[in-house]
Amino acid sequence: MKTAKLWTRNFRLLILASAMGAIGTIAGGFALAFLVFDETGSTLASALILAIQLLPHLLLPILVAPFMDRLPRKSFLVAGDIANAFFLAGMGLWLLFSKFSYTAYLGASLLLACLGAVDDLAFTSIFPELIPEGAEQKGFAVTSMLYPILKVVMTPLAAVLLDTLGVAWIIMAQSVLSLAAAITESFIQLDETERKKRPAYSLQAWAGDIVEAAQYLKKEHGLRSIYEYMAVTNGVASGFSPVLVAFFRTAPGFTAAMYSAFSVVEFAGRSLGSALQYRINIPDKKKFGFTFFVYQVYETMDMCLLWLSYPLMLVNRGLCGFLGSNSAILRNAAVQRYIPEKLRSRVNAFNSVLITAGASVFSLVIGFLGEILDYRACVTTGGAIAMLACWLLIFGRRKEVRMVYDVQKEKKI
C-alpha cells in the first residue's frame, strides 16, 4: 500500500506556525518562572500563579467547543494568536516600565491563560484534519518532536537572555512571534464551507451539543480512564514545576543554569523518542502493553528523581523523555482517531477540563507541601500518587483501554 504523503502545504504551514509559537512560549515561560520566584521567594506563590493560569481551561473549553465543532476552526486558531500577540505586547511594556506587582501579575496571567485555552483547543481539533489519512502516527510524531527540539535549543538561550535582556524584552519578542504565527496560519487552505453554511446557533442547540458529548464519554469507559489518568499524572507534573525551580535555586551546588540543562536533557530524550516513532510503526495489538510499561517507568523515575546525584538526574530525565514521547504519540494518535470527527472539539474540551482540574489541585497541594516538607519528599509523594492512579485506571480497566488502541478507522458512534 502506498504511504500517505505527510508534508503537504497545510501541514508545513501549521508546523511552522507552531514552531514560532513554541519558541516564544519556551523563552517567556522560563523567564517568568524565575521572575516570580525571585520576587516572592515562595513555592506556594509560584504554584498559585500556575493554578490561576489553569482556571480558564476549566470553563472556556466547554463554552467554546460546541461553536468550534460548528464554525470554521481555522478562524479560532488565527484570531487566538493575534489576540495573544497584542496582549503579550502590553504585558511586556508593563514589565518594562512598571515595578513588579504580584497581584497585577495574577490578573495578567489569568487573561493570557484565557487566550491560551481557546488556542490550544483550536489546534488540537484542527490538527487531525491536516494530516493525510494513513499518516496519523507520523504526523503526531512530528508535532511531538517539535517542542522538545526547540526546548533543547531555547532553554539555554532563555537563561542567557534572562540575564542579558531581562524578562520584559523576552515577552516583547514572544509577542512578535505570536503575530508571525497568526499570519502563517492564515495561509492554510482548509475546506470548511459546510461549517459556514450551518443554521443559526441557539442556546438550546449549545446545551444539546454538550449533552451529546457527555453521553458519548459516559459510555466510553476506556477513553475516560485514559483521560482520568492523564489528569492525575499531568497534574502531578504541573505541581513539580515550582518545586523544581525552588530546589535548583536553593539547594547547595545547584544553579538556574543546571536547571536549564536538566530540562534540556529531558527534551532531548523526547526528540529522540519522537524521531523513533516517525521511523517505525508499532502494531495496534502491542500499543497498550508498551504504553503501560512506559507509565510504570516514568512514575518510578519521578519518585527517585531528586534523591540522585546530578549526573544521574540527567540520565533519569533523558530516559523519561525518550519513553514518554513514544507513549504520548501512540496515545494521541489512537485517541484522536477513536473520537468521531463531529465530536472532536467537545470531547477534547472535556479532556482539557479534566486535565486542568488535576493540574490545579496538584499544583496547590504540592506547592503547599513544598512550604513544609523537603522538596525531594514532595516529588516522591507526587510520583507515588501517579503510580497508584496508573494501576487503578489503566491496568484496572485494561480491557476497555485496550479497545481505544485497537480501534479500526471506520469506528462510528
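Which residues touch the most other members of the largest nonpolar core? In this predicted model, that position is held by Leu223 and Met313, within a core of 105 residues. Helix 1 (residues 9–40) supplies the largest share of this core, with 15 residues. When neighbours within four places in sequence are set aside, the contacts of Leu223 are Tyr216, Leu217, Val335, Tyr338, Ile339, Val347 and Val404. A second core, separate from the largest one, consists of six residues, among them Val294, Tyr298, Cys320 and Leu323.

The overall fold was examined next. The protein contains 16 helices and zero strands. Its radius of gyration is 21 Å, close to the 22 Å given by the globule rule for 413 residues, so the protein is as compact as a globular protein of that length. The C-alpha trace spans about 55 × 45 × 40 Å along its principal axes. Of the 413 residues, 54% are buried. Among contacts between residues at least 6 apart in sequence, 89% join residues at least 24 apart.

Met313 also takes part in the packing of two helices, since it is listed among the residues of helix 13 that meet helix 11. Helix 11 (residues 256–279) and helix 13 (residues 310–338) pack at an angle of about 35°, and their axes lie 7 Å apart. The crossing of helix 11 past helix 13 is right-handed. On the side of helix 11, the contact includes Met258, Phe262, Val265, Glu266 and Arg270; on the side of helix 13, Tyr310, Leu314, Arg317 and Phe322 are among the residues involved. The residues of this contact comprise twelve nonpolar, nine polar and three charged.

Technical notes. Residues are numbered from 1 along each chain as its sequence is written. This is a predicted model: local features need pLDDT of at least 70, side-chain atom pairs count only at pLDDT 80 or more; totals for chains, interfaces and linings use all residues. Side-chain values use heavy atoms; hydrogens and water are left out. Axes are lines fitted to C-alpha atoms, for helices over the stretch in contact, and angles run from 0 to 180 degrees between N-to-C directions. Helices (H or I, at least four residues) and strands (E, at least two) are DSSP runs, numbered from the N terminus. A crossing is left-handed if the near helix is turned anticlockwise from the far one by less than a right angle, and right-handed if clockwise. Contact means heavy atoms within 4.5 Å. Ala, Val, Leu, Ile, Met, Phe, Trp, Tyr, Cys and Pro count as nonpolar, Asp, Glu, Lys and Arg as charged, and the others, Gly among them, as polar. A nonpolar core is a set of buried Ala, Val, Leu, Ile, Met, Phe, Trp, Tyr and Cys residues joined through side-chain atoms within 4.5 Å. Buried means under 20% relative accessible area, exposed over 50%, partly exposed in between (1.4 Å probe, protein chains only). The radius of gyration is taken over C-alpha atoms; the globule rule is 2.2 Å times the number of residues to the power 0.38.
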